[in-house]
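Okay, thanks for coming, everyone. I'd like to spend a couple of minutes on salt bridges, so let me put the structure up.

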Amino acid sequence: MEREKPQQQRHKAGAGRKMLFILLGLAVCLIAFLVAIYPMVSVTAGRSADIRIPAGATAENVRDSLDRYLGPEFARNVMRLARLRHTDFSRRHGSYAVTEGMNVLEATRKLTSGAQTPVRITINGFRSLPLLIERISAKMEFPADSLRTALADPALMAEYGLTTEQALSLFVDDSYEAYWTLSARDLVRKIGENYRRLWDTDRTRAAASLGLTPADVMTIASITDEETNSRGEKGTIGRLYINRLHHGMKLQADPTVRFAVGDFTIRRVSRADLRTPSPYNTYLNAGLPPGPIRTTSAETVTAILESKPNNYLYMCASEDFSGTHNFASTYEEHLQNARRYQAELDRRGIKR
């Protein structure tokens with residue numbers, strides 16, 4: 001076999017060293033790449049958090065929020081990647097949901113893209129407008145006073161055929177989604193869209209056939225919801241109150257007294273309660289109260305509008321405490337029902 005010449009041997013050795021240097025360079029690049037990228041995919045959020053970026057926010061503002069809710073390591077890596085993307089957080093005004101298990105790369109994409117996560121607002125049986133205002137405002141960027149001012153604006157409420165006392169009607173029980181940055185007035189209009197959908201042409205005509213406006217029905221529905229949780233009774237109770245209105249009778253609805261007193265836990269309304277001075281006390285005042293005593297649902301409104309006519313003018317909670325009622329067309333029959341219920345209250349020692 002012919003032996004390799006020294007020149008060939010040196011050439012091979014040089015090529016080998018060159019390949020070695022290339023491999024070492026690739027290894028260093030790979031290690032550097034992994035050092036830089038690995039935290040981006042391996043460090044994950046240990047909990048879910050809404051990161052809210054105010055208008056004109058600085059990178060330090062965002063870092064502080066990330067640090068507070070998701071920890072310093074997560075915050076450090078997100079901000080490092082955000083710098084590489086040359087993110088101007090002053091232009092990322094909004095609320096962004098970082099969910100548990102989301103890695104740094106995913107979180108950075110969300111925070112730097114400007115694609116806000118909508119805030120979920122659930123309305124379900126709020127018994128006062130002030131409470132509703134506080135709960136909704138706590139989820140939004142605007143202060144409670146802004147929403148309070150919007151709902152006290154007669155012109156804005158008139159857009160929906162409501163007075164300021166009827167503002168609670170606008171908030172139909174449902175779940176809504178809105179961006180955190182939305183103004184109070186824009187949120188009212190967004191929620192008002194659902195109210196308009198509820199009061200379409202058919203329902204508005206159905207209310208008119210009963211001699212009522214949509215706002216009237218919302219108030220009756222709010223009282224009905226306080227009277228019973230039984231779906232099967234809602235239409236009957238709503239129709240009973242309509243009957244009383246048509247007969248020129250006071251509604252004498254106990255829930256309106258509880259609203260006037262400010263205590264919905266009362267189980268046995270006293271004579272002193274019945275004398276509580278308030279425009280919402282339907283034992284003292286004829287007709288409907290100025291507005292709803294709670295938020296109500298499309299389901300209750302529909303039950304009332306589609307209820308079958310009845311002759312009931314009186315009702316009393318059932319003595320079996322099932323949450324249902326005994327209905328009567330005459331006062332004499334009602335007194336019999338009331339005596340049975342009062343006797344059961346006494347037997348159970350319920351005084352309030």
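**Salt bridges across the fold**

Let's start with R231, which pairs with E299 in a salt bridge, with 3.5 Å between the closest N and O atoms. R231 sits in helix α11, residues 231-246, and E299 in helix α14, residues 298-305, so this contact ties together parts 68 residues apart in sequence. As for the surface, R231 is exposed at 63% relative accessible area, while E299 comes out partly exposed at 43%. Keep in mind that this is a predicted model.

Now, how many salt bridges does the structure hold? The count is 13, and I'll just pick out a few.

Over in the strands, E177 and R120 meet through their side chains, 3.8 Å from N to O. Here E177 belongs to strand β4, residues 174-178, and R120 to strand β3, residues 119-123, so the pair links parts that are 57 residues apart in sequence. E177 is partly exposed, with 45% relative accessible area, and R120 is also in the partly exposed class, at 47%.

Next, a local one: R347 and E344 form a salt bridge at 2.7 Å, N to O. They're three residues apart in helix α15, residues 331-348, which puts about one helical turn between them. So is each partner buried or exposed? R347 is exposed, at 62% relative accessible area, whereas E344 is buried, at 14%.

One last thing to look at: R127, E226 and R294 are joined in a network of salt bridges.

Methods:
Residues numbered from 1 in each chain as written. Predicted model: local features only at pLDDT ≥ 70, side-chain atom pairs only at ≥ 80, totals over all residues. Heavy atoms only, no water. Salt bridge = Lys/Arg side-chain N within 4 Å of Asp/Glu carboxyl O. Helix = DSSP H or I, 4+ residues; strand = E, 2+ residues; numbered from the N terminus. Buried < 20%, exposed > 50% of the residue type's maximum accessible area, 1.4 Å probe, protein only.
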